[in-house]
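Visitor: I am new to this structure and should like a close look at a single part, the place where the ligand sits. Please set that part in its surroundings as well.

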Amino acid sequence: MAEKLIFELGRIDREGVSIPPDDLESLNIDELIPEELLRKRDPTLPEVSEVEVIRHYTRLSQLNFCVDTHFYPLGSCTMKYNPRIGEKLSTLEGFTSLHPYEPDELVQGVLKIMFDLGQYLCEIGGFDAITLQPSAGAHGELTGLLIIRAYHETKGRKRSKVIIPDSAHGTNPASCTLAGYKAIEIKSGKDGCIDLKRLQEELDEETAAVMITNPNTLGIFEEEILRIAEITHSVGALLYGDGANLNALMGITRPGDMGFDVLHFNLHKTFAAPHGGGGPGSGPVAVKKELEPFLPVPVIVKKDGKYTLDYNRPLSIGKVKSFYGNLPVIIKAYIYIRMMGAQGLKRVSENAVLNARYVINRLKGAFDLPYNKPPMHEGVLSGKKFREYGVRTLDIAKRLLDYGFHPPTIYFPLIVEEALMIEPTETETKETLDAFIEAMLKIAEEAVKTPELLKSAPHTTPVKRLDEVKAAKELKLRWKEYK
Ligand SMILES: *Cc1c(COP(=O)(O)O)cnc(C)c1O
């Protein structure tokens, strides 16, 4: 049964909290507040007991699928398990009671954590300097592109465009536009990788940057990356790395060594902080030495064993965020890296790739694998063959809910028809992967034999198929409008 609204629970005059009667002299509210500001009638607040509130919200918290309850192979999003120790330590009083205006000498501990995290990320990515401020990957993209822009302007170059493959995440062209560049899309080659010839044709003195992710959004490693970096640099353009797929590479190879000049990290993906409905993000941006002067202020510097926030940076692009970034996410990433160690992070990437290859290999007979190369940490299948039965990828995704799995990402990347983008991550057991594979194989059978079952799915969830756009287009925030 659907959960009622909290306004529909309870009874008139039921109280959540009872306060003992006071013996203070009462004041007349009319004399304290101007008449026109006074409420004409009582607010319509829910009148519920404490236990009703607890049960209501506990039930609501369990209606959704989440990493803590279900396998969540949402491609591109790296929905790995978020270790509880991160929650515990990042909410220590010493962190939560910090005031952002405290002087540097009183917050040496947290500055050290931020400084050290920056160093670790530079080492993992192969870069020289970093900012931890951006709030998420997309914000990191914008920050990185503004740094690139400042770099070109300082050199007196007017550049107008950024080249992006057609497999790019939607935030990439959006960030280019926000940074004042024209996003030029190039078609991927038959193998799903950057087409060097097309790239060469577009590259010119107007090109500020080439923006790519490696492995790309198909989960395929761009083997020509060194050549891509070389021809990009040959026209004076820079190579921007969308680091959302870093979970495939840690401890194995480094974007900085591949020739990337700028890289954003998604701490909430690769470094195990809750995200999506579970919490805010963090998108640090690392750069090569020559871009360091343009980093946003403040930059954390260490001198004579002391940490300070340096604002005196004349070439800086300025501030991109109030204060210093999403600190709890930064702390969680720091804890995760310290806990895993260098060998541990390498194992993370090895297992992330192994898990993805296992799942894709077992599913590629029942579904199509449009780009048949060994996937890295994720792989993209297509449900195109089920169209003749009237079944779309959306139906497959909805049916997975009945089997107790959060669906993979669907309809992305855009270059794959009826795409199913599966990223199992390293934190899943073989038993879980097998159960997911069995469900997918069964659904592939159902699509042919009983397509209606898929088209009307999900059947077991508290609500059936939703109009996913309606809630965004017709916001209803007053409870009476629901009636
Ligand atoms: C998630 C993702 C982004 C955007 O990152 P956010 O942290 O969601 O803003 C960009 N590119 C790719 C490939 C991604 O997977």
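Guide: A term needed below comes first: a nonpolar core is a set of buried Ala, Val, Leu, Ile, Met, Phe, Trp, Tyr and Cys residues joined through side-chain atoms within 4.5 Å. Buried means under 20% relative accessible area, exposed means over 50%, and partly exposed lies in between (1.4 Å probe, protein chains only). The model is predicted, so local features need pLDDT of at least 70 and side-chain atom pairs count only at pLDDT 80 or more, while totals for chains, interfaces and linings use all residues. Residues are numbered from 1 along each chain as its sequence is written, and side-chain values use heavy atoms, with hydrogens and water left out.

The chain has 16 helices and twelve strands; these are DSSP runs numbered from the N terminus, helices being H or I of at least four residues and strands E of at least two. Of the 483 residues in the chain, 49% are buried. An automatic or database assignment sets the domain bounds, giving domain 1 (6-63), domain 2 (85-340) and domain 3 (348-472).

The ligand itself is surrounded by Ser76, Ala136, Gly137, Ala138, Glu141, His169, Thr171, Asp242, Ala244, Asn266, His268 and Lys269. A residue is counted here if one of its heavy atoms lies within 4 Å of the ligand. This shell divides into three nonpolar, six polar and three charged residues. In that division Ala, Val, Leu, Ile, Met, Phe, Trp, Tyr, Cys and Pro count as nonpolar, Asp, Glu, Lys and Arg as charged, and the others, Gly among them, as polar.

Oxygen atoms of the ligand have polar partners in the protein. A polar backbone atom of Gly137 is 2.7 Å from one ligand oxygen, a polar side-chain atom of Lys269 lies 2.8 Å from a ligand oxygen, and a polar side-chain atom of Asn266 lies 3.0 Å from a ligand oxygen. The protein buries 88% of the 380 Å² that the ligand exposes when taken alone; such areas come from the Shrake-Rupley method with a 1.4 Å probe, and for residues only the protein chains shown count as cover. Two elements, α6 (137-154) and α11 (267-270), give two or more residues to the shell, and the largest share, three residues, comes from α6.

Asn266 deserves a further word. This residue lies in the loop between β6 (262-264) and α11, and at 3% relative accessibility Asn266 counts as buried. The side chain of Asn266 also makes a polar contact with the side chain of His264, at 3.1 Å. A polar contact is a pair of N or O atoms within 3.5 Å; within protein, one must be able to donate a hydrogen and the other to accept it, and residues adjacent in sequence count only if both atoms are side-chain atoms. On the other side of α11, in the loop that leads to β7 (285-287), is Ala272. Ala272 is buried, with a relative accessible area of 6%, and its phi is near 65°, a positive value in a residue other than glycine.

The surroundings include the largest nonpolar core, which has 59 residues; Leu117, Leu121, Leu199, Phe265, Leu267 and Phe271 have the most contacts inside it. Helix α12 (327-363) is among the elements that each supply at least two residues of this core, and α12 gives the most, with twelve. Domain 2 and domain 3 both give residues to this core, so the core lies between them.
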